[in-house]
Amino acid sequence: GVDVSPTMLRRAAEKGTCADLLAAEAHRLPLGDRNFDVVICANAFHYFRQPGRSLDEMHRVLRPGGELVLVDWCDDYLSCKLCSIWLRWTDPAFHRTYTKRACGELLKASSFAVERAFHRRIDWLWGLMCLTARRSASSG
């Protein structure tokens with residue numbers, strides 16, 4: 001598990017995760033090339049100040065044929081879009097949210113092949129998107 005926040009890493013450790021935990025920024029992963037079969041980015045993408053570089057890093061650490069699962073709230077819903085505007089003013093850590101389409105374009109720009117993309121309304125305020133993408137099996 002990778003997170004820039006020591007507090008989040010501490011919470012993960014307290015929950016008894018069996019994963020190794022590492023403090024790092026998504027756009028500078030201190031991990032070797034092609035070491036992982038799956039990368040999961042859950043509810044964090046809206047904090048990434050350099051989303052393209054972060055996706056490039058996720059691509060780099062995946063083995064050829066490896067899968068990225070990206071889940072985040074999205075601007076495909078008006079309530080989420082309004083919340084994003086409010087958070088830009090009130091939360092210095094927040095960067096931005098994306099529509100499912102815009103996120104898919106970012107993935108493609110980082111050499112991912114998007115296999116599935118959908119969004120779901122969670123409640124009256126929140127909606128999430130999920131995109132699954134793969135690093136080409138021929139990627140060297």
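Two strands count as paired if DSSP finds at least two bridges between them. In this predicted model, strand 4 and strand 6 are joined by 7 bridges and run antiparallel, so the pair meets that requirement of at least two bridges. Within this pairing, L68 stands opposite A133, a residue of strand 6.

**The sheet and its helices**

Strand 4 and strand 6 belong to an open sheet of 4 strands, in which the order is 3-4-6-5 and the pairing is mixed. At the edges stand strand 3 (36-42) and strand 5, each of which pairs on one side only, and from one strand to the next the twist averages 10°. In general, the strands of a sheet pair through backbone hydrogen bonds, and they may do so in parallel or antiparallel fashion.

Two helices lie across strands of this sheet. Helix 2, which spans residues 51-61, lies across strand 3, strand 4, strand 5 and strand 6, and runs at about 145° to strand 4. Helix 3, made up of residues 78-90, lies across strand 4, strand 5 and strand 6, and its direction is at about 90° to strand 4.

**Aromatic pairs**

The structure holds 4 aromatic pairs, including the two set out below.

| Aromatic pair | Geometry | Centre to centre | Angle between planes |
|---|---|---|---|
| F45 and F48 | edge-to-face | 5.5 Å | 75° |
| W73 and W126 | edge-to-face | 4.8 Å | 75° |

For the pair of F45 and F48, the angle of 75° between the planes is over the 60 degrees that the edge-to-face class requires. F45 counts as buried because its relative accessibility is 0%, and F48 is likewise buried, with a relative accessible area of 14%. Together with Y98, F45 and F48 form one aromatic cluster.

The pair of W73 and W126 links distant parts of the chain, for the two residues are 53 residues apart. W73 lies in strand 4 (residues 62-73), whereas W126 is found in the loop between strand 5 (112-121) and strand 6 (127-135). How buried or exposed are the members of this pair, W73 and W126? W73 counts as buried, at 8% relative accessibility, while W126 is partly exposed, because its relative accessible area is 29% and the buried class is reserved for values under 20%.

Strand 4 thus recurs in this account: strand 4 is joined by bridges to strand 6, is crossed by helix 2 and by helix 3, and contains W73 of the tryptophan pair.

Note on methods. Residues are numbered from 1 along each chain as its sequence is written. This is a predicted model: local features need pLDDT of at least 70, side-chain atom pairs count only at pLDDT 80 or more; totals for chains, interfaces and linings use all residues. Side-chain values use heavy atoms; hydrogens and water are left out. Rings of Phe, Tyr and Trp (its six-membered ring) pair if their centres lie within 6.5 Å; planes under 30 degrees apart count as stacked, over 60 as edge-to-face and the rest as tilted. Buried means under 20% relative accessible area, exposed over 50%, partly exposed in between (1.4 Å probe, protein chains only). Axes are lines fitted to C-alpha atoms, for helices over the stretch in contact, and angles run from 0 to 180 degrees between N-to-C directions. Contact means heavy atoms within 4.5 Å.
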